[in-house]
Amino acid sequence: MYLRGLNGLRALAACSVILAHVCGILVEKGFLKTNYFGHFGGYSVTIFFTLSGFLITYLLLKELESESKIDIKKFYMRRILRIWPLYFFYIVLVVLVMKFFLSSTIWYYIFIVPNIPYALHLSGHAIVTIPLLTHYWSVGVEEQFYAFWPWLIKYSSKIKRSIFLF
């Protein structure tokens, strides 16, 4: 499903992420004193997550409306074919470039939970993130969302009934 009106939001969010990263590099190199755009990168990630959640929910509800059911297998196949080829291609590329850096952390990335070492690294735990893959935390969050959201949408009426019983 293509919703043309969302392209402007995507473009603004993408530009904000790029600007935040470029300014961050300029601060590291001493060309800027402060990354004034750093917080826009975080807001942009929130925009991407919100758009993704909206689009996935919209597609699932449209399928439920037109087919009277949600085909979970087809949903996962579409996600896998759309995301995994580039996801794993980039991991292989990074591993080849950094072949001597490879650590046990790579398994988090391979099993699509890269947000775990990222979160542990940020919270002060002695876990090493792979520098060229630190941005994968957001893909991990999104993939984990895909893991449970279709099931919740598919069975939401049953869930609502069971909640109201308590």
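Trp149 is partly exposed in this predicted model, with a relative accessibility of 21%. That value sits just inside the class, because buried would require a relative accessible area under 20%. Its pairing partner, Phe148, is also partly exposed, at 45% relative accessible area.

Let's look at how the rings are arranged, starting with the overall picture. Across the whole structure, a search turns up 17 aromatic pairs. One of them joins Trp84 and Phe88: the ring centres are 5.8 Å apart and the planes meet at 85°, so this pair is edge-to-face. The reasoning is simple, because planes over 60 degrees apart count as edge-to-face.

Where do Trp84 and Phe88 lie? Both belong to helix 3, which covers residues 72-97, and they are four residues apart, about one turn of the helix. As for their surroundings, Trp84 is partly exposed, with a relative accessible area of 31%, and Phe88 is partly exposed too, at 26%.

Now back to Phe148 and Trp149. These two rings form an aromatic pair with 6.1 Å from centre to centre and 85° between the planes, which is again edge-to-face. Phe148 and Trp149 also belong to a wider group: together with Phe75, Tyr76, Phe145 and Tyr146, they form one aromatic cluster.

If you stay with that cluster, Tyr146 is a good place to finish. Which residue lies over the face of Tyr146? Arg79 does, at 5.2 Å from the ring centre. So the ring of Tyr146, a member of the aromatic cluster, has a charge sitting over it, because the CZ of an Arg has to be within 6 Å of the ring centre and within 35 degrees of the ring normal to count.

How values were computed. Residues numbered from 1 in each chain as written. Predicted model: local features only at pLDDT ≥ 70, side-chain atom pairs only at ≥ 80, totals over all residues. Heavy atoms only, no water. Phe/Tyr/Trp six-rings, centres within 6.5 Å; stacked < 30°, edge-to-face > 60°. Helix = DSSP H or I, 4+ residues; strand = E, 2+ residues; numbered from the N terminus. Buried < 20%, exposed > 50% of the residue type's maximum accessible area, 1.4 Å probe, protein only.
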